[in-house]
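This report concerns the packing of secondary structure elements in a single model. The sequence and the structure are shown first.

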Amino acid sequence: MSRAARAPFPPDRRGVVSFPGGATRSRAADQAAGGGRAVTRTISDDPLGGTVRRTVLPSGLRVLTEAIPTMRSVSFGIWVSVGSRDETGPQSGAAHFLEHLLFKGTRKRGALEISSAIEAVGGETNAFTTKEYTCYYARVLDEDLPLAIDVMCDLVADSVLEPADVETERGVILEEIAMHDDEPGDEVHDLFARAVYGDHPLGRLISGTEETVTPMTRGQIQGFYRRNYTAPQIVIAAAGNLDHAVVVKLVRQALQGTPLDTDPATPAPHRPAAPAVRTRPATTLVEPKETEQAHVILGCPAIDRTDERRFALGVLNNVLGGGMSSRLFQEIREQRGLAYSVYSYASQYADTGLFAVYAGCAPGKVDEVLELTRAELARVAADGLTEAEIVRGKGMSKGSFVLGLEDTGSRMSRLAKGELLYGDLMPVDELLARVDAVTVEDVNALAAELLGRPMSLAVVGPFGAGDFTTP
């Protein structure tokens, strides 16, 4: 059920930095939806899509839809503003554990009824947990949207968390953790996060560890559930062939009488950007493993997701290591054949971020790959990128974003992320204009700042802790 941090909708680590929101418009009227009255407004009539509307229910729960009459499907998602960074150390893995359990049964349905109801109409359901939010979603034919709303709202709002199911899913999650340990290409990303963030929740595994998952009790998970899955913390988003008023009506009906049918409240604000997360000094972490290929990540702390320079960061990422024409790909793979996979990526959170380069290569080639990577980073920091490279990088950003809106799932995700992470939805045309406005000076100034920083290194492969030093 769960695919922790392997969601189908969030941007790939290797891809362009996502820019779903960022506008700062007042919504005081929307947020004053108490007193039993829902407040609805039209956000946009986007020429590249459909009409986007937003309703704040009296409980503080928000419903956003994008009507696309030309589609015959609808993607429906319930997004909760809680993730693994909201856990204490002993709770590590609780958000992910809960995500598994919500599919195991409610007061109305058992686990088989939940899955078979959607599969019987050819639909699909799934969920994923990230460090800052959790999503439960279904994709169905437009005529089956009422069913999807009823099932998904039921499982998120009214799960019973039976003790037997807790024990069953504990075993499943422990197997998932073990499977992750057998995938060094994934493990190295977690190792790098720990190198930068240390014991901060952003440095921990989303799934938790065997040491935290094994003793976790039903009472602890139930407490996490009821403290965090509240109406003001939840955004419901849907995109496809739908009618906004009908979706709102069906959501209200599905939540009636559940723990999410609560007294009037205002929506929770999006996660604040301050105070900034303290990161560790540059360090090297090595996970010794007898693998056929070595996996390395070299990188540093970067900017948070609301930083205005995120558009310049997307361009920099594209040119440096975002595709087959990128500098790193050409230098390390195409010209020298040292690695099959090499790319740069940016991860951004409310109050911090990462910029890094990943490479997978034969153990005997690690030193050369790292030397070439460091040299390229230093070259870009000192000399910057050319105007032609900036033009190409901006084209990649715009094309990647627009092409990513070609399905209802991506559009549904954009609505929810804009609301949860940015507090508003930036129109597509405005976003493209912001990318167009990036200058050579913007990118090169950011490159000089980021790429000149001390770099942390994470390595998974047949090495010892003393085989690498932090420069």
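The following paragraphs treat the two sheets, the helices that pack on them, and the contacts between helices.

**The seven-stranded sheet**

The model is predicted. In it, 7 strands form an open sheet with mixed pairing, in the order β1-β2-β3-β7-β4-β6-β5. Its edge strands, each pairing on one side only, are β1 (39–45) and β5 (124–129). On average, and with direction ignored, neighbouring strands of this sheet are turned by 15° against each other.

At one edge, β5 pairs with strand β6 (residues 134–141) in the antiparallel sense over 6 bridges. Within this pairing, E124 has R139 of β6 as its bridge partner. Helix α2 (residues 94–101) lies across β5 and β6, and runs at about 165° to β5.

A search of the whole structure finds 9 aromatic pairs. One of them is formed by W79 and F128; the pair is edge-to-face, with 5.8 Å from centre to centre and 85° between the planes. Because W79 belongs to strand β4 (residues 73–80) and F128 to strand β5, this pair ties together parts that are 49 residues apart in sequence.

**The five-stranded sheet**

Another open sheet, of 5 strands, has the order β8-β12-β9-β11-β10 and mixed pairing. The edges are occupied by β8 (284–288) and β10 (339–348); each has a single partner strand, so one side of each is left without a neighbour in the sheet. Here, neighbouring strands are turned by 15° against each other on average, direction ignored.

Strand β10 and strand β11 (residues 353–361) run antiparallel and are joined by 9 bridges. In this pairing, A346 stands opposite F355 of β11. Helix α12 packs on the sheet and touches β9 (294–302), β11 and β12 (456–461), its direction making about 25° with that of β9.

**Contacts between helices**

Two packed helices are described by the angle between their axes and the distance between the axes. The table gives these values for two helix pairs.

| Helix pair | Angle between axes | Distance between axes |
|---|---|---|
| α12 (residues 366–383) and α16 (residues 440–451) | roughly 135° | within 7 Å |
| α2 and α5 (residues 163–181) | about 120° | 10 Å |

At a crossing angle of roughly 135°, α12 and α16 are therefore oblique to each other. Their crossing is left-handed. On the α12 side the contact is made by L377, V380 and A381, and on the α16 side by A447, A448 and L451. By class, this contact has 6 nonpolar residues, with no polar and no charged ones. Helix α12 thus has contacts with the five-stranded sheet as well as with α16.

The helices α2 and α5 pack at about 120° and are therefore oblique to each other. Their crossing is right-handed. In α2, the residues H96, F97, H100 and L101 take part; they meet D165, V166, E169, R170, V172, I173 and E176 of α5. The residues of this contact divide into 5 nonpolar, 2 polar and 4 charged. Helix α2 lies across β5 and β6 of the seven-stranded sheet and also meets α5.

Key:
Residues are numbered from 1 along each chain as its sequence is written. This is a predicted model: local features need pLDDT of at least 70, side-chain atom pairs count only at pLDDT 80 or more; totals for chains, interfaces and linings use all residues. Side-chain values use heavy atoms; hydrogens and water are left out. Axes are lines fitted to C-alpha atoms, for helices over the stretch in contact, and angles run from 0 to 180 degrees between N-to-C directions. Helices (H or I, at least four residues) and strands (E, at least two) are DSSP runs, numbered from the N terminus. Angles under 35 degrees count as roughly parallel, over 145 as roughly antiparallel, 65 to 115 as roughly perpendicular and the rest as oblique. A crossing is left-handed if the near helix is turned anticlockwise from the far one by less than a right angle, and right-handed if clockwise. Contact means heavy atoms within 4.5 Å. Ala, Val, Leu, Ile, Met, Phe, Trp, Tyr, Cys and Pro count as nonpolar, Asp, Glu, Lys and Arg as charged, and the others, Gly among them, as polar. Two strands pair if DSSP finds at least two bridges between them. Rings of Phe, Tyr and Trp (its six-membered ring) pair if their centres lie within 6.5 Å; planes under 30 degrees apart count as stacked, over 60 as edge-to-face and the rest as tilted.
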